[in-house]
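This report looks at how helices pack and which residues sit in the interior of one protein chain. The structure is shown below.

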Amino acid sequence: MQHEPIIRNISDTARWVAVYRARETERPDAMFRDPYARKLAGTRGEEIAAAVDNRRRFDWPLPIRTYLFDAFIGDHVAQGGDMVINLAAGLDARPYRMAVPHTLQWVEVDLPEILDHKESILGNETPRCELRRVRLDLSDRRKRQELFLELGRQAKYSLIVTEGLLIYLQPERVAELADDLSVQPSFRRWVTDLSSPGLRRMMTQQFGSFLTEGNAPFKFSPEEGAEYFASHGWRPVDVRSMLKTAAKKRRLNPFFHLLSFLPDPKPPFDQRRPWGATALLERNR
């Protein structure tokens, strides 16, 4: 009998991440509430999370990442942003759970399978803003450029969101995506998560075999950190450490709490020191 991988493809990672949103939601001191996460994760998501938990004894990074993205998105809306474009949106439920104006345009882009699954779960729910879903393989550069051109004409102040996407792309593919996004004048800001080479190596040692079996290994961890994007039309304006944010939110065990007092490493990063952050980039072209 052939063994089925724990993670079958990159879409399964969205089910996995949804479990951690559900767990955070159920905490009395939750940083955010996502009442849809448990249903979106489904049995498959629970199985993946259980397998990962056997190899990693802490689960704060993913809820902290969600919290930081929420904060940047909330700031964008408060500053008059009229569009959010979530690339590889997965099972994100922010248009349903965040307090956003009904006039905000929210665009989700992902593969048909994962968006079909999401719609089967959320079909009877009402988003809080104007929500559009685009079924598209983002690796098709010509088609995504066409979409970016269309969206660029529909808004004045857009925020690009790539949560949990770039780490699965080769550096040259990340560079191409950054170049394509920077062409559109209305694509003003971009929020993404970043990992150092040391963190990517640590995560690969912990559970990378699950991702490799699903043809979704970790690939992108620029030594330059957020400065990687400077030559591709984007400058970093706010980089928030995952570890230090977790310390502020009291999510760390004693060992990690002690580590949080160390200063953040400066790029170029070496191969030993783990570091992760969520970065806000601004178009500089």
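How close do the axes of α6 and α7 come, and at what angle do they cross? In this predicted model, the two axes come within 10 Å, and the crossing angle is roughly 25 degrees. Angles under 35 degrees count as roughly parallel, so α6 is roughly parallel to α7. The crossing of α6 and α7 is right-handed. On the α6 side the contact is made by R141, R144, Q145 and F148, and on the α7 side by E176, L177, D179, D180 and L181. Sorted by class, these are three nonpolar, one polar and five charged residues.

R144 belongs to helix α6. With 5% relative accessibility, R144 counts as buried, because buried means under 20% relative accessible area. Leaving out residues up to four places away in sequence, R144 touches L136, L138 and S139 as well as E176, L177 and D180.

A second helix pair is formed by α1 (residues 12–25) and α2 (residues 37–53), whose axes are 6 Å apart and which pack at an angle of about 95 degrees. Angles from 65 to 115 degrees count as roughly perpendicular, so α1 and α2 are roughly perpendicular to each other. From α1 the contact includes D12, R15, W16 and Y20, and from α2 it includes R38, L40, R44 and V52. The residues of this contact divide into eleven nonpolar, one polar and eight charged.

The two helix pairs are set out here.

| Helix pair | Axis separation | Angle | Contact residues by class |
|---|---|---|---|
| α6 and α7 | within 10 Å | roughly 25 degrees | three nonpolar, one polar, five charged |
| α1 and α2 | 6 Å apart | about 95 degrees | eleven nonpolar, one polar, eight charged |

The next topic is the nonpolar interior. In soluble globular proteins, nonpolar side chains tend to be buried together. The largest nonpolar core here has 33 residues, and L87, L181, W190 and F229 touch the most other members. Two or more residues of this core come from each of β1 (83–87), β2 (105–110), α6 (141–152), α7 (171–182), β5 (187–195) and β7 (276–283). The element that gives the most is α7, with five residues. Another core, of 21 residues, lies apart from the largest one, and W16, V52, F210 and L211 are among its members.

Which residues does W190 contact, leaving aside its neighbours within four places in sequence? They are L159, I160, T162, L166, A178, L181, F229, W234, A279, L280 and L281.

I85 lies in strand β1 and, at 0% relative accessibility, counts as buried. Beyond four places in sequence, I85 touches V107, L151, S158, L159, I160, V161 and F187. The C-alpha atoms of I85 and T162 are separated by 8.7 Å, with their positions 77 residues apart along the chain.

Is F69 buried or exposed? F69 is buried, with a relative accessible area of 0%, and its place is in helix α3 (residues 61–78). Contacts of F69, without its neighbours within four places in sequence, are R94, V161, T162, E163, V191, T192, D193 and T278. From C-alpha to C-alpha, F69 and T192 are 8.0 Å apart in space, while in sequence they are 123 residues apart.

Technical notes: Residues are numbered from 1 along each chain as its sequence is written. This is a predicted model: local features need pLDDT of at least 70, side-chain atom pairs count only at pLDDT 80 or more; totals for chains, interfaces and linings use all residues. Side-chain values use heavy atoms; hydrogens and water are left out. A nonpolar core is a set of buried Ala, Val, Leu, Ile, Met, Phe, Trp, Tyr and Cys residues joined through side-chain atoms within 4.5 Å. Buried means under 20% relative accessible area, exposed over 50%, partly exposed in between (1.4 Å probe, protein chains only). Helices (H or I, at least four residues) and strands (E, at least two) are DSSP runs, numbered from the N terminus. Contact means heavy atoms within 4.5 Å. Axes are lines fitted to C-alpha atoms, for helices over the stretch in contact, and angles run from 0 to 180 degrees between N-to-C directions. Angles under 35 degrees count as roughly parallel, over 145 as roughly antiparallel, 65 to 115 as roughly perpendicular and the rest as oblique. A crossing is left-handed if the near helix is turned anticlockwise from the far one by less than a right angle, and right-handed if clockwise. Ala, Val, Leu, Ile, Met, Phe, Trp, Tyr, Cys and Pro count as nonpolar, Asp, Glu, Lys and Arg as charged, and the others, Gly among them, as polar.
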